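Grab a pencil and work through these exercises on charged pairs. Have a go at each task before reading its solution.

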Amino acid sequence: MKRVVLCCFLILTLLLNAFVCPAAAADATLEEGTTSLPVETGSVEDLLALGYPADFLQGMTQQTVSAVLSSLQTVPGSEVLRISTEKGICSVNQNDMQMQSAAAVMADPQTGYLTGLAVCVRWQWAPGKPFFRGEDANLLHVSWAREDYLYDQDSFYFISAYRPNDASPWLCHSASPVLADISHGSLSAQTPMKTFARQVGGAMVFYLLPTDAEREPDLDSPAPLYYVNYENRPEPLRMILLFALRFLLPIVIIVVLVLMIRAIVKRRRKRKQTA
């Protein structure tokens with residue numbers, strides 16, 4: 001009897017650790033060591049004062065706000081001349097994803113030379129899409145004019161966010177992207193998405209340095225950013241197995257435990273009656 005109760009207790013403890021604790025930790029804070037940008041305090045009002053559009057900042061997580069403000073301080077002595085924004089919609093297998101970028105044109109106030117672009121790219125899938133999600137369900141590719149800008153490797157920040165319902169705020173799901181490729185003129189990252197959330201999206205922040213140290217900033221042309229999305233659909237059999245392991249297996253284990261406990265109770269009652 002004691003062994004059965006001990007086994008039941010250990011199984012329930014493992015289930016709680018496997019399915020409850022990791023999710024709560026991911027929703028609460030960013031994982032350490034996933035971003036080189038220092039996370040500092042700041043507010044949406046600070047970005048509005050610098051010229052960022054209100055629709056771009058709507059629903060932005062506090063972590064992303066802090067990362068954008070930190071990116072603006074990547075080159076000491078630089079100041080924001082203007083904010084260049086772009087919007088676009090990527091349709092992949094009838095799944096619409098809205099993408100929006102904001103690049104802050106930075107310059108040295110003493111020399112007037114361009115010091116770089118502080119880039120923030122945000123994306124958000126339509127509600128309830130895509131249905132199949134996972135660690136590699138979405139590949140985001142961002143490119144720029146390689147002859148004009150170089151990628152600052154110490155400035156990358158990433159967050160994958162989700163909303164359980166339409167009334168809830170955006171929460172952090174993961175801060176650990178899989179960088180598929182970083183080359184001259186492009187950056188690709190696999191973006192993990194939370195399963196069974198109402199909405200999923202995310203953001204990445206990085207800094208681009210000018211190849212010409214004495215280049216004058218162009219205040220008329222849009223930011224030289226081009227982005228595209230690739231959906232990597234998991235195999236159906238793999239999705240079925242993952243679903244069974246994640247949801248059906250705990251239910252089966254709980255049902256077995258309930259049946260075992262009921263059987264033990266019946267035995268004890270029979271023993272008391274016979275005694």
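D55 is partly exposed, with 37% relative accessible area; the bins are buried under 20%, exposed over 50% and partly exposed in between, using a 1.4 Å probe and protein chains only. Keep in mind that this is a predicted model, where local features need pLDDT of at least 70, side-chain atom pairs count only at pLDDT 80 or more, and totals for chains, interfaces and linings use all residues. Residues are numbered from 1 along each chain as its sequence is written, and side-chain values use heavy atoms, with hydrogens and water left out.

**Exercise 1.** Work out which residue forms a salt bridge with D55.

*Solution.*
- Step 1: apply the rule, a side-chain nitrogen of Lys or Arg within 4 Å of a carboxyl oxygen of Asp or Glu.
- Step 2: K87 fits, its closest N and O atoms with D55 being 2.7 Å apart.
- Step 3: place the pair: K87 sits in strand β1 (residues 79-92) and D55 in helix α4, 32 residues apart. Helices here are DSSP runs of H or I with at least four residues, and strands are runs of E with at least two, numbered from the N terminus.
- Step 4: check K87, which is exposed at 55% relative accessibility.

**Exercise 2.** Find how many salt bridges the whole structure has, and describe the pair D166 and R198.

*Solution.*
- Step 1: the search gives two salt bridges.
- Step 2: D166 and R198 meet at 3.0 Å, N to O.
- Step 3: D166 lies in the loop between β6 and β7 (171-174) and R198 in the loop between β9 (186-190) and β10, so the bridge ties together parts 32 residues apart in sequence.
- Step 4: D166 is partly exposed at 48%, and R198 is partly exposed at 35%.
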